[in-house]
Amino acid sequence: MQTFLITGGLGFIGCNFILKCRRENWANIINIDKLTYASNLKNLSELDNDTGYNFVYGDIANLELLLHLLKEYQVDAVINFAAESHVDRSIFSPQDFIETNVLGTFQLLEASRDYWKKLSPQKQEQFRFLHISTDEVYGSLATTDPAFREDTPYAPNSPYAASKAASDHFVRAYYHTYGLPTLTTNCSNNYGPRQFPEKLIPLITLNALDGQPLPVYGDGKNVRDWLYVEDHCEAIYLVLQNSQVGETYNIGGNNEQTNLTVVEQICSILDELIPKPNFRYSSLITFVEDRPGHDQRYAIDCGKIKRDLGWQPKENFESGLLKTIQWYLSNKSWVEKIQSKDYQTWIQQNYKGRKKANLR
Ligand code: NAD
Ligand code: TYD
């Protein structure tokens, strides 16, 4: 069986990918994670007795550690999920994003290049470095613009998007300059179980359950394309196994929604699942001051991955959202642990000073 070195595997997408790898017997896993606020050891507690899974506490910027792990475990593929991933936090503290997303990815590339150079020709041929990136590197679309394609020029607008764009460029450069067998995927907004509740869908779900205001930035008309995390994980594995080196693939959910519609759908599901007399969850919706530089619309053209690899998303938004909300309802101890003092500090920082939106 192959061995994957996964970075950031205790975060949202990484942990879902690792669980799938182990369930489907895709690979043995070494997971290196720095245990930032976004990570959660509970995300993978069901693998505690799995001998095919190893966790290593560490930073992707630690070159020595990476070199040691690659060699020790004779890694077949590196999959880089590790990142600072929240746009709002990148507005408050951009430096963390440069340290992990840019410098961390650079060190991971350096370690992989050093390890890969010393492999046998056959192993060199098989080795892969897969970098997980975002559609946000392409910037913002107007309502009638065509969706992002792999050849859409990069135009990142937030410090988060700029740091991911920089890392994508380094990955590309390592393929072109050194021949390192890299792959890059740029996906849209993921949703599903185990997402940290700073992101829209879990934040709104948990606030609604707590009877707290549901903060919608600006007029709520910004559009995102929502991709169910399981679909994303399948696409990643397919790209890793079947695509040509040096390729990039856009991965999306074919599911564009305004933020307000997403929030309203969460409210309707909760009205069904946990009805309260004379109360609608949508009464908690509060329009608040917009995010600075807020991208208007993201949309992904998944034509290339469909043509080359036969992938398309399977989940529809209605059932995916229901499954997601049900997961949060059934995992109260996970939720309680997440809603720690650090989390409360973030909520204060991001929402307390925000004025109500001035809607025309
Ligand atoms: P996340 O924030 O939930 O998790 C990130 C994980 O990386 C955490 O476990 C954290 O501890 C770890 N980490 C952070 N810095 C690290 C470092 N220096 N060394 C080792 N580990 C470190 O993120 P996510 O939502 O799972 O996103 C995974 C990847 O997918 C990221 O690269 C992100 O940019 C990309 N992405 C995410 C989305 C989305 O909707 N969540 C959309 C597009 C792209
Ligand atoms: P988010 O989940 O942070 O993902 P991203 O910024 O990477 O797209 O936000 C999704 C959308 O929801 C985005 O347009 C910002 C908006 N949003 C709100 O309206 N209110 C909120 O409290 C949050 C966190 C996001």
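## A buried asparagine

The side chain of N31 makes a polar contact with the side chain of Y53, at 3.0 Å. This is a predicted model, so every distance here is computed from predicted atoms. The side chain of N31 has a second partner: it reaches the backbone nitrogen of G9 at 2.9 Å.

Where does N31 lie? N31 is part of strand β2, which covers residues 27-33. Is N31 buried or exposed? Its relative accessibility is 0%, so N31 counts as buried; the cut-off for buried is under 20%. Leaving out residues up to four places away in sequence, N31 touches I6, G8, G9, L10, I18, L44, Y53, N54, F55 and V56. The polar partners Y53 and G9 are both in that list.

## Two nonpolar cores

Nonpolar side chains tend to be buried together in soluble globular proteins. In this model, the largest nonpolar core has 38 residues. Those with the most contacts inside this core are F4, I6, F17, L44, I79, F81 and I305. Two of these names are familiar: I6 and L44 are also touched by N31.

Take I305 as an example from the core. Which residues does I305 contact, leaving aside its neighbours within four places in sequence? They are A235, V239, Y249, N250, I251, G310 and W311. Another core lies apart from the largest one. This other core has 34 residues, among them Y191, L206, L214 and V263.

## The site of ligand 1

How many residues surround ligand 1? There are 29, and I13, D33, S85, Y160 and K164 come nearest. Sorted by type, the shell around ligand 1 has 12 nonpolar, 13 polar and four charged residues.

Some pairs of atoms can be picked out. A polar backbone atom of I13 lies 2.8 Å from an oxygen atom of ligand 1. T100 uses its side chain: a polar atom there is 2.9 Å from a nitrogen atom of ligand 1. The backbone of I132 also takes part, with an N or O atom 3.5 Å from an oxygen atom of ligand 1. On its own, ligand 1 has 840 Å² of accessible area, and the protein covers 97% of that. Four elements give two or more residues to the shell: α1 (12-23), β5 (128-134), α6 (159-178) and β7 (189-191). The largest share comes from β5, with three residues.

## The site of ligand 2

Now turn to ligand 2. It has 17 residues around it. The nearest are E136, R224, R291, H294 and Y351. The shell around ligand 2 divides into eight nonpolar, four polar and five charged residues. Two elements, α7 (200-209) and β8 (214-217), each supply at least two residues of this shell. Which element gives the most? β8 does, with three residues.

Three contacts involve oxygen atoms of ligand 2. A polar side-chain atom of Y351 lies 2.6 Å from one oxygen atom. An N or O atom in the side chain of N189 is 2.9 Å from an oxygen atom of the ligand. L200 takes part through its backbone, where an N or O atom lies 2.9 Å from an oxygen atom of ligand 2. The accessible area of ligand 2 on its own is 510 Å², and the protein covers 97% of it.

## Two residues with positive phi

Most residues other than glycine have a negative phi. L35 has a positive phi of about 55 degrees, although it is not a glycine. L35 sits in the loop between β2 and β3 (53-57). L35 has a relative accessible area of 33%, so it is partly exposed.

N278 also has a positive phi, near 50 degrees, and it too is a residue other than glycine. Its place is the loop between α9 (259-273) and β12 (285-288). Is N278 buried or exposed? N278 has 84% relative accessibility, so it counts as exposed; the cut-off for exposed is over 50%.

## A residue in helix α8

E230 is found in helix α8, residues 229-242. E230 has a relative accessible area of 24% and is therefore partly exposed. What does E230 touch, not counting residues up to four places away in sequence? It touches K20 and R23.

E230 can also be placed relative to P193. The two are 37 residues apart along the chain, and their C-alpha atoms are separated by 9.5 Å.

Technical notes:
Residues numbered from 1 in each chain as written. Chains lettered and ligands numbered in written order. Predicted model: local features only at pLDDT ≥ 70, side-chain atom pairs only at ≥ 80, totals over all residues. Heavy atoms only, no water. Near = heavy atom within 4 Å. Polar contact = N/O pair within 3.5 Å; in protein donor to acceptor, adjacent residues only side chain to side chain. Areas by Shrake-Rupley, 256 points an atom, 1.4 Å probe, with all protein chains shown as cover. Nonpolar A, V, L, I, M, F, W, Y, C, P; charged D, E, K, R; others polar. Core = buried A, V, L, I, M, F, W, Y, C linked by side-chain atoms within 4.5 Å. Buried < 20%, exposed > 50% of the residue type's maximum accessible area, 1.4 Å probe, protein only. Contact = heavy atoms within 4.5 Å.
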